[in-house]
Amino acid sequence: MIAQSHILQQIQQNVNLQKKVFAVLIDPDKVKSEEVASTLNRLPEDTDFILVGGSCVENLKTDVVVKAIKALIDLPVILFPGNVNQITSKADAILFLSLMSGDNPEYLIHQQVKSIKFLKQSTLEIMPTGYILIDGGKTTAVEKISKTQAIPQTEINQIVNIALAAQYSGKQLIYLEAGSGARFPVKPEIIKAVKQQIDLPLIVGGGIKTEKQRQMVYEAGADIVVMGTVFEEI
Ligand code: 1GP
């Protein structure tokens, strides 16, 4: 279990000890505050932290859902914001995401600059994250909102190079994202190739639906697996 402060440091310690980390994504657009308790009841016992966010959620919804989660469990709540309006100081930390794939400066740097006025006033732990969108077999909300194209799964070298560029730019985490509700997750060959080249904790999510898939993703080299949709669909 991960405590609610110095989260990045704890993730790094887990990686050094080769202990895998598991996170569940709660999207406030799909899970209402009154559904939070039943969603939390479905989470696996080994859940280390909760991510909260989505591609188009409004601030108020995020705030209410984070509050509902914090009232029920002690796990760290980390924001996974689709835009600057999803920042709430009620969470413990924020994945400070830069969309390194695609060609949209708005999600590479502009939203981040706009977030500073909120972050300067908060105690959120900032977790600099290189976010790489990979084709998961269907057009996902991230592609639509960011107006960028996911990288085909055949472009392994390109994905590795983006991950390394993120590392050299000072990111502390790399997130390989097939998109929420993806038809298929990021392939093991890609995860393996990226993990072999980078020295950072590797997060993988999107389209992971079963325990078997989760273990395959860990075995390929992911340090943190994120699952979301599967816990909503009951
Ligand atoms: C999306 O990686 C997360 O950002 C989770 O994806 O909802 O497909 O599990 P799923």
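User: Helices here are DSSP runs of H or I with at least four residues, numbered from the N terminus. With that in mind, in which helix is the place of T62?

Analyst: Happy to start there, with the reminder that this is a predicted model. T62 falls within the stretch of residues 59-72. That stretch is helix α3.

User: Is T62 buried or exposed?

Analyst: A residue is called buried when its relative accessible area is under 20%. The relative accessibility of T62 is 0%, so T62 belongs on the covered side of that cut-off. Leaving aside neighbours within four places in sequence, T62 touches residues including P28, V52, L79 and T88. The verdict for T62 is therefore buried.

User: Nice. What closed arrangement do the eight strands β1 to β8 make?

Analyst: The strands follow one another in the order β1-β2-β3-β4-β5-β6-β7-β8, and their pairing is parallel. From one strand to the next, the twist averages 30°. The arrangement that the eight strands close into is a barrel.

User: In β4, which residue is the bridge partner of L79?

Analyst: Strand β3 covers residues 77-79 and strand β4 covers residues 93-99. These two strands run parallel and are joined over two bridges. In β4, L79 has as its bridge partner I94.

User: Turning to β1, how many of its six residues are buried?

Analyst: Let's take the two faces in turn. V21, A23 and L25 are buried on one side of β1. F22, V24 and I26 are buried on the other side. For β1, then, the number of buried residues is six.

User: In β2, which residue is the bridge partner of L25?

Analyst: β1 and strand β2, residues 49-52, run parallel and are joined by four bridges. The partner of L25 in β2 is L51.

User: And through which helix does the chain cross from β1 to β2?

Analyst: The two strands and the helix between them form a β-α-β crossover, and this crossover is right-handed. The helix in the crossover covers residues 36-41. That makes it α2.

User: Let's go to the other end of the barrel order. Which residue in β8 is the bridge partner of V21?

Analyst: β1 and β8 pair in the parallel sense over four bridges. On its other pairing, β8 is joined to β7 in parallel over three bridges, and there I203 is bridged to I224. In β8, V21 is likewise bridged to I224.

User: Which residues of β8 are buried on the two faces?

Analyst: In a regular strand the side chains alternate between the two faces of the sheet. In β8, I224 and V226 are buried on one side. On the other side of β8, the buried residues are V225 and M227.

User: At about what angle to β8 does helix α8 run?

Analyst: Helix α8, residues 211-220, lies across β1, β7 and β8. Together β7, α8 and β8 make a right-handed β-α-β unit. The direction of α8 relative to β8 is about 150°.

User: What is the relative accessible area of R214?

Analyst: R214 sits in helix α8. Setting aside neighbours within four places in sequence, R214 contacts F22, P44, D46, I208, V225 and M227. R214 counts as buried because its relative accessible area is 4%.

User: Where is the ligand: how many residues are around the ligand, and which come nearest?

Analyst: The surroundings of the ligand hold 14 residues. Of these, the ones that come nearest are E177, S180, G181, G228 and T229.

User: How far from an oxygen atom of the ligand is the side chain of T229, counting an N or O atom?

Analyst: Let's set this beside other polar contacts. A polar side-chain atom of Y175 is 3.0 Å from a ligand oxygen, and a polar backbone atom of G181 is 2.7 Å from a ligand oxygen. For the side chain of T229, the separation is 2.5 Å.

User: Finally, what is the phi of K147, and is K147 buried or exposed?

Analyst: Most residues other than glycine have a negative phi, and most peptide bonds are trans. K147, in the loop between α5 and α6, is not a glycine, yet its phi is positive at about 50°. H6, in the segment before α1, also has a positive phi, near 50°. K147 has a relative accessibility of 71%, so it counts as exposed.

Technical notes. Residues are numbered from 1 along each chain as its sequence is written. This is a predicted model: local features need pLDDT of at least 70, side-chain atom pairs count only at pLDDT 80 or more; totals for chains, interfaces and linings use all residues. Side-chain values use heavy atoms; hydrogens and water are left out. Two strands pair if DSSP finds at least two bridges between them. Axes are lines fitted to C-alpha atoms, for helices over the stretch in contact, and angles run from 0 to 180 degrees between N-to-C directions. Contact means heavy atoms within 4.5 Å. Buried means under 20% relative accessible area, exposed over 50%, partly exposed in between (1.4 Å probe, protein chains only). A crossover is right-handed if, with the strands pointing away from the viewer, the path from the first strand over the helix to the second runs clockwise. A residue is near a molecule or strand if one of its heavy atoms lies within 4 Å of it. A polar contact is a pair of N or O atoms within 3.5 Å; within protein, one must be able to donate a hydrogen and the other to accept it, and residues adjacent in sequence count only if both atoms are side-chain atoms.
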